[in-house]
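Work through the exercises below with the sequence and the structure open. Each task is followed by a solution in steps.

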Amino acid sequence: MTSPEPSAAGRYPAGCAAFPHRDLTGLAGLAPWEILFLLDEAEQWVELNRQPHKRVDRLAGLTIINAFFENSTRTLLSFEIAGKRLGADVVNMHAAQSSVKKGETLIDTAMTLNAMHADAIVIRHQSSGAVRLIADKVDCPVLNAGDGQHEHPTQGLLDALTIRHAKGPEFAGLRVTICGDILHSRVARSNIHCLTTLGAEVRVCAPPALMPAEIEALKVKPFHDFDAALKGADVVMMLRLQQERMSGQFIPSPREYRHLYGLSLDRLAKARPDALVMHPGPMNRGVEIDSNVADLAGRSAITTQVEMGVAIRMACLDVLTRKARGVEGWA
Ligand code: CP
């Protein structure tokens with residue numbers, strides 16, 4: 001795998017103009033340099049995370065609250081690790097063990113977290129738009145850890161960083177095929193916004209029932225034939241069927257779905273010979289991806305995605321708290 005170019009001066013404006021937002025609720029509408037700035041910021045944390053001693057004191061004295069109203073393994077743990085490696089005090093609120101279960105509203109929960117003087121709040125919620133709602137009610141930066149079908153911005157960023165580590169710094173000219181349950185996928189939306197903004201060609205592939213009606217507006221090429229969508233792909237990103245967001249029958253059966261839309265070794269051969277295999281997790285092995293593809297050495301970047309997730313979340317926490325910390329050029 002090739003290494004990305006080092007951070008290039010002049011790629012983005014100086015100081016807070018490089019990322020002039022208090023919150024990270026989505027990647028839609030971000031400028032290319034804002035995304036590149038976060039990717040470049042993450043590189044130092046990729047290096048740190050590979051050292052035996054992984055802790056710095058950049059966010060010492062700050063309190064970060066991870067408020068998760070939906071289950072998570074990768075996102076919750078990596079935000080927790082990211083905050084701790086930066087020296088912050090990190091507190092996790094799991095909705096299942098909170099007063100949400102007693103009927104407390106989202107807004108009242110947000111006001112409660114705000115009254116505890118959190119310096120950043122990370123939120124995952126099952127409803128699209130819930131994170132923006134909370135961000136408008138609190139006084140500190142809010143980071144979206146996934147809201148309904150809307151966006152999962154740090155996933156989009158970590159996926160872009162993973163692609164850059166494997167394919168080099170230029171996104172223009174890269175062909176990325178995203179296949180699966182596009183309709184219900186916040187990962188697909190954030191990746192589409194991120195990768196098209198950076199200049200990649202994005203193809204999306206799904207059965208007709210799992211393709212959003214408004215997909216053409218997102219500057220992607222839609223496919224229902226997976227073999228056609230794979231032709232010439234540099235990156236193949238597989239998504240799971242999001243049963244928890246489905247009401248009713250969207251596919252005839254998992255077996256038929258695998259036959260038409262599952263990534264097997266035979267199917268992968270239709271992409272470029274060096275095509276990168278990605279999956280945000282959690283995977284349903286044997287449905288959208290075969291085990292021998294998910295674990296294919298030199299081609300599967302699935303564990304690299306997890307590694308990049310910690311670095312990206314460190315970069316986002318650092319950048320979004322710079323104003324409050326009085327960092328020169330950001331205060
Ligand atoms: N990719 C992702 O968001 O995984 P988790 O649901 O485990 O956080």
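**Exercise 1. Ligand contacts**

Task: Find which atom of the ligand is 2.9 Å from an N or O atom in the side chain of H152, and look for other polar partners of the ligand.

Solution. The model is a predicted one.
Step 1: Start at H152, where an N or O atom of the side chain lies 2.9 Å from an oxygen atom of the ligand.
Step 2: Go to S72; a polar atom of its side chain is 2.6 Å from a ligand oxygen atom.
Step 3: At T73 the partner belongs to the backbone, and this polar atom is 2.9 Å from an oxygen atom of the ligand.
Step 4: Now take the cover of the ligand: on its own it has 250 Å² of accessible area, and the protein covers 91% of that.

**Exercise 2. The shell around the ligand**

Task: List the residues that surround the ligand and sort the shell into nonpolar, polar and charged.

Solution.
Step 1: Read the surrounding residues along the chain: S72, T73, R74, T75, R124, H152, Q155, P280 and G281.
Step 2: Sort them by class, which gives one nonpolar, six polar and two charged residues.
Step 3: Place the ligand in the protein; the space it takes is the largest pocket.

**Exercise 3. The largest pocket**

Task: State how much space lies in the largest pocket and describe its lining.

Solution.
Step 1: The largest pocket holds about 360 Å³ of space.
Step 2: Its lining consists of 21 residues, and those closest to the centre are R124, R186, R240, G281 and P282.
Step 3: Two or more lining residues come from each of α2 (74-85) and α6 (186-197).
Step 4: By class, four residues of this lining are nonpolar, ten are polar and seven are charged.

**Exercise 4. The cavities**

Task: How many cavities of 30 Å³ or more does a search of the whole structure find, and which residues line them?

Solution.
Step 1: The search finds two.
Step 2: In the largest cavity there is about 70 Å³ of space. R74, T75, S78, Q155, L158, H279, P280, Q305, V306 and R313 line it.
Step 3: At least two of the residues in this lining are supplied by each of α2, α5 (153-167) and α11 (302-320). The classes are three nonpolar, five polar and two charged.
Step 4: The second largest cavity has about 30 Å³ of space. Around it are I182, A188, R189, I192, P212, E214, I215 and L218.
Step 5: Sorting the lining of the second largest cavity gives six nonpolar residues, no polar ones and two charged ones.

**Exercise 5. Two backbone details**

Task: Which kind of peptide bond joins G281 and P282, and what is the sign of phi at H117?

Solution.
Step 1: Recall the usual case: most peptide bonds are trans, and most residues other than glycine have a negative phi.
Step 2: The bond between G281 and P282 is cis, with omega at about -10°. P282 is placed in the loop between β9 (276-278) and α10 (291-294).
Step 3: H117 is not a glycine, and its phi is positive, near 60°. This residue is in the loop between α3 (106-115) and β3 (120-125).

Methods
Residues are numbered from 1 along each chain as its sequence is written. This is a predicted model: local features need pLDDT of at least 70, side-chain atom pairs count only at pLDDT 80 or more; totals for chains, interfaces and linings use all residues. Side-chain values use heavy atoms; hydrogens and water are left out. A residue is near a molecule or strand if one of its heavy atoms lies within 4 Å of it. A polar contact is a pair of N or O atoms within 3.5 Å; within protein, one must be able to donate a hydrogen and the other to accept it, and residues adjacent in sequence count only if both atoms are side-chain atoms. Accessible areas come from the Shrake-Rupley method with a 1.4 Å probe; for residues, only the protein chains shown count as cover. On a 1 Å grid over the protein atoms alone, a cavity is a set of points where a 1.4 Å probe fits but cannot get out, and a pocket is an open set with protein on both sides within 12 Å along at least five of seven lines; lining residues have an atom within 4 Å of a point. A molecule sits in a cavity or pocket if more than half of its atoms lie within 2 Å of its grid points. Ala, Val, Leu, Ile, Met, Phe, Trp, Tyr, Cys and Pro count as nonpolar, Asp, Glu, Lys and Arg as charged, and the others, Gly among them, as polar. Grid points are joined across faces, edges and corners, and a volume is the space filled by probe spheres set on the points. Helices (H or I, at least four residues) and strands (E, at least two) are DSSP runs, numbered from the N terminus.
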